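Here are some short exercises to work through with the model open beside you. Try each one before reading its solution.

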Amino acid sequence: MRYLEIFVSERAILTVLVWGLILEMLTVLYYVSSGLVHTFEFIYTLTLLVITLSFIIIILRSIRRKLLVNVN
C-alpha cells in the first residue's frame, strides 16, 4: 500500500499521457484510412505520438527505478 502513495503524481500524469496516446493512435488510424498521410496534421500527430510515447517510457523507467531502490 505504501508504494501506491509514493506514485500518486506519476499515476496522474501517466493517466493523461495514456489517454492522449490512445486518442493520437485513433487519429493516426483515421488519417491512414482516409489516405491523408501527406498532410501537415498527420505529420504533427505522428510527432505528438512519438513525444507522448517517449514521456510514458521515461515515467515508467522512473517508477521502476524508485521501486528497485525501495526493495533494496
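**Exercise 1.** Decide whether glutamate 10 counts as buried or exposed, and say why.

*Solution.* Glutamate 10 counts as buried because its relative accessibility is 11%; buried means under 20% relative accessible area, exposed over 50% and partly exposed in between, with a 1.4 Å probe and protein chains only. This is a predicted model, where local features need pLDDT of at least 70 and side-chain atom pairs count only at pLDDT 80 or more, while totals for chains, interfaces and linings use all residues. Residues are numbered from 1 along each chain as its sequence is written, and side-chain values use heavy atoms, leaving out hydrogens and water.

**Exercise 2.** Place glutamate 10 in its helix and find which side chain it joins in a polar contact.

*Solution.* Start with the helix: glutamate 10 sits in H2 (helices are DSSP runs of H or I, at least four residues, numbered from the N terminus). Next, its side chain and that of lysine 66 are joined by a polar contact of 2.6 Å (a pair of N or O atoms within 3.5 Å, one able to donate a hydrogen and the other to accept it; residues adjacent in sequence count only if both atoms are side-chain atoms). Finally, beyond neighbours within four places in sequence, glutamate 10 has contacts (heavy atoms within 4.5 Å) with Ile59, Ile63 and Lys66.

**Exercise 3.** List the contacts of leucine 17, leaving aside its neighbours within four places in sequence.

*Solution.* With those neighbours left aside, leucine 17 touches Thr52, Phe55, Ile56 and Ile59.

Notes. Helices (H or I, at least four residues) and strands (E, at least two) are DSSP runs, numbered from the N terminus.
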